[in-house]
Amino acid sequence: MRSFAYVSAPDVATAVRAIASEPRAKFIGGGTNLVDLMREDIEQPETVVDISGIALTGVEELPGGGLRIGALVRNSHLATHPLVRSRYPVLAQAILTGASAQLRNMATVGGNLLQRTRCPYFYDLAAACNKREPGSGCDALGGFTRNHAVLGASESCIATHPSDMCVALAALDAVVEVESVRGVRRIPLVGFHRLPGDSPHVETEIAADEMVTAVELPALPVAATSRYRKVRDRASFAFALVSVAAALEVRDGTVAAVRLALGGVAAKPWRAHEAERLLLGAAPTEESFRLAAAAELAPAVAQPHNTFKIELAQRSIVAVFRQLLAEGGAA
Amino acid sequence: MRVNGAVRSLEVEPRVSLLDALRDHLGLTGTKKGCNQGACGACTVLVDGERINSCLALAVQYAGREVVTIEGVAADGQAHPLQEAFIRNDGFQCGYCTSGQICSAIGMLAEHRAGVPSAVTEHLAADVELSAAEIRERMSGNLCRCGAYNGIVESIQDVASGDPGDHDVPETVR
Ligand code: FES
Ligand code: FES
């Protein structure tokens, strides 16, 4: 690993000042992604600003029933929090299916939002990658594409976003709070990550001098009946081929509220607006679930090795809704 | 930082991992380097009682913390119950993953006592019984290339149930 200067920031004001004055600086929280990328020589910060000692580690109830989650809350602590488990089970489940217990104990909420793709061509310095080196091309195209995107990809990049947590946050209408010397901004999670277009190296809406300080969840009664399902190549400790975060509330025989997001299929956690639109007010039948899933995946474009994802995503959506219905999505 | 109960001061470059600091600077070679990228768990140590991958930790970030490695799990010359159980149940073959497995299992049992759920926990609200499936899921961050998983799971079950165990005879023979 290249050497770098190390600065430990005791509070947000110091952290954002440090990053503003040093263009080649990076924040470090749990380090689970950044240390690996620095060792691989993919990230080459000249200064690393350590924010892991900042007191952004609380999970607080907001007036009205939402939650405010500090950016430095560790993934394991968030998944264990009683209010997350009872009000947003999909979030606890999503986090628990991600990585390993050791990594969840280290990784922070802010770092999880900002983690980079695990596309093997992004990691391989000998391969062309527009994300790593803009304009160099994409060796994933025409390469081994089992894990790549089927929605929202471009000619420049077909990588997927690796997070499970973010898929649940997308379904839950989460809002990300970021801060810099210029002030505080709030960005809806569904708009936080970007599709690749012709600039896949720009992955999020956050500016280089901004720091994630919190994630807020609105009060969302439908989330009490929610679930995360992850399909992967081995039973544990693997990234998703396809994942589904869903919440369902049925009243008087029709869908009264619904939330749906997909993971493993795009460069961002994919909020399934089209499927939600079709389901809202419809009868909660196998047929409606299937039609909604098909409509959401209609624009999907497969690569040679991941055609199966389009069908797998639809079946996974139907399976999760079926389960939610059986579990009491019907009131 | 405190390592295995004793204050150890060391000066390292910011890029030195906690794993390399323990092994190369403090001479504590019980903690192993497998993948050096967070995938195998061989480097697992306990920090303030929680298990982490020391290969992805920068040592500077852990100044002042309480680190326990495999060298620190025995008390008063008495092997840790998990160490004894691993011997009894053939919880290893080459032994390379073992220090990580044992530190990880200590952290995992503490998580379970604190009510932490896992990905295979059906009801997030309920108390979880530590079944073999729960143990396998909770230990999935520790790979064993010798495939000693059955013995590892039995060892952890023994200790979790407070049963000294009597698995001297392999299950297949009994
Ligand atoms: S050496 Fe740290 S996880 Fe493999
Ligand atoms: S005992 Fe050899 S790797 Fe586990």
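1. Surface of chain B. In this predicted model, chain B has an exposed area of about 8100 Å², and carbon and sulfur atoms supply 50% of that area. Of its 174 residues, 49% count as buried.

2. Dimensions of chain B. The C-alpha trace of chain B extends over about 55 × 35 × 30 Å along its principal axes. A compact globule of 174 residues would have a radius of gyration near 16 Å; because chain B has 16 Å, the chain agrees with that expectation.

3. Elements of chain B. Five helices and five strands make up the secondary structure of chain B. Read from the N terminus, their order is β-β-α-β-β-β-α-α-α-α. As for contacts between residues at least 6 apart in sequence, 56% of those in chain B join residues at least 24 apart.

4. Charges of chain B. The chain carries 14 positive and 23 negative charges. The mean positions of these two sets are 7 Å apart.

5. Two loop residues of chain B. B:Asn36 and B:Asp76 merit attention for their backbone angles. B:Asn36 has a phi near 60 degrees, which is a positive value in a residue other than glycine. B:Asn36 sits in the loop that joins helix 1 (18–25) to strand 3 (44–47). Its relative accessibility is 18%, so B:Asn36 counts as buried, the cut-off being under 20%. For B:Asp76, phi is near 50 degrees, again a positive value in a residue other than glycine. B:Asp76 belongs to the loop between strand 5 (66–68) and helix 2 (81–88). With a relative accessibility of 83%, B:Asp76 counts as exposed, since the cut-off for that class is over 50%.

6. Overall form of chain A. Chain A contains 12 helices and 12 strands. Its C-alpha trace spans about 60 × 50 × 35 Å along the principal axes. For 331 residues, a compact globule would have a radius of gyration near 20 Å, and the 20 Å of chain A agrees with this. Among contacts in chain A with a separation of 6 or more, 64% are between residues 24 or more positions apart.

7. Surface and charges of chain A. Buried residues account for 61% of the 331 residues in chain A. The accessible surface of chain A is about 12600 Å², with 53% belonging to carbon and sulfur atoms. Chain A has 33 positive and 34 negative side chains, and the centres of these sets lie 4 Å apart.

8. Annotated domain of chain A. An unreviewed UniProt entry lists residues 1–222 of chain A as "domain: FAD-binding PCMH-type". In the model, this span is 26% helix and 17% strand. The C-alpha atoms at its two ends lie 47 Å apart.

9. Helix 5 of chain A. This helix is mostly covered, with eight of its eight residues buried. Among them are A:Pro89, A:Gln93 and A:Leu96. A:Leu91 is also part of helix 5, which comprises residues 89–96.

10. Surroundings of A:Leu91. The relative accessible area of A:Leu91 is 0%, and the residue is therefore buried. Beyond its neighbours within four places in sequence, A:Leu91 is in contact with A:Leu78, A:Val84, A:Met165, A:Ala168, A:Leu169, A:Leu172 and A:Leu217. A further pair concerns A:Arg227, which is 136 residues from A:Leu91 along the chain. The C-alpha atoms of A:Leu91 and A:Arg227 are separated by 8.1 Å.

How values were computed
Residues are numbered from 1 along each chain as its sequence is written. Chains are lettered from A and ligands numbered from 1 in the order in which they are written. This is a predicted model: local features need pLDDT of at least 70, side-chain atom pairs count only at pLDDT 80 or more; totals for chains, interfaces and linings use all residues. Side-chain values use heavy atoms; hydrogens and water are left out. UniProt positions are given in the numbering used here, feature names are shortened, and annotations may be inferred rather than shown by experiment. Helices (H or I, at least four residues) and strands (E, at least two) are DSSP runs, numbered from the N terminus. The radius of gyration is taken over C-alpha atoms; the globule rule is 2.2 Å times the number of residues to the power 0.38. Buried means under 20% relative accessible area, exposed over 50%, partly exposed in between (1.4 Å probe, protein chains only). Contact means heavy atoms within 4.5 Å. Accessible areas come from the Shrake-Rupley method with a 1.4 Å probe; for residues, only the protein chains shown count as cover. Lys and Arg count as positive and Asp and Glu as negative; His and the chain ends are not counted. The place of a charge is taken as NZ of Lys, CZ of Arg, CG of Asp or CD of Glu.
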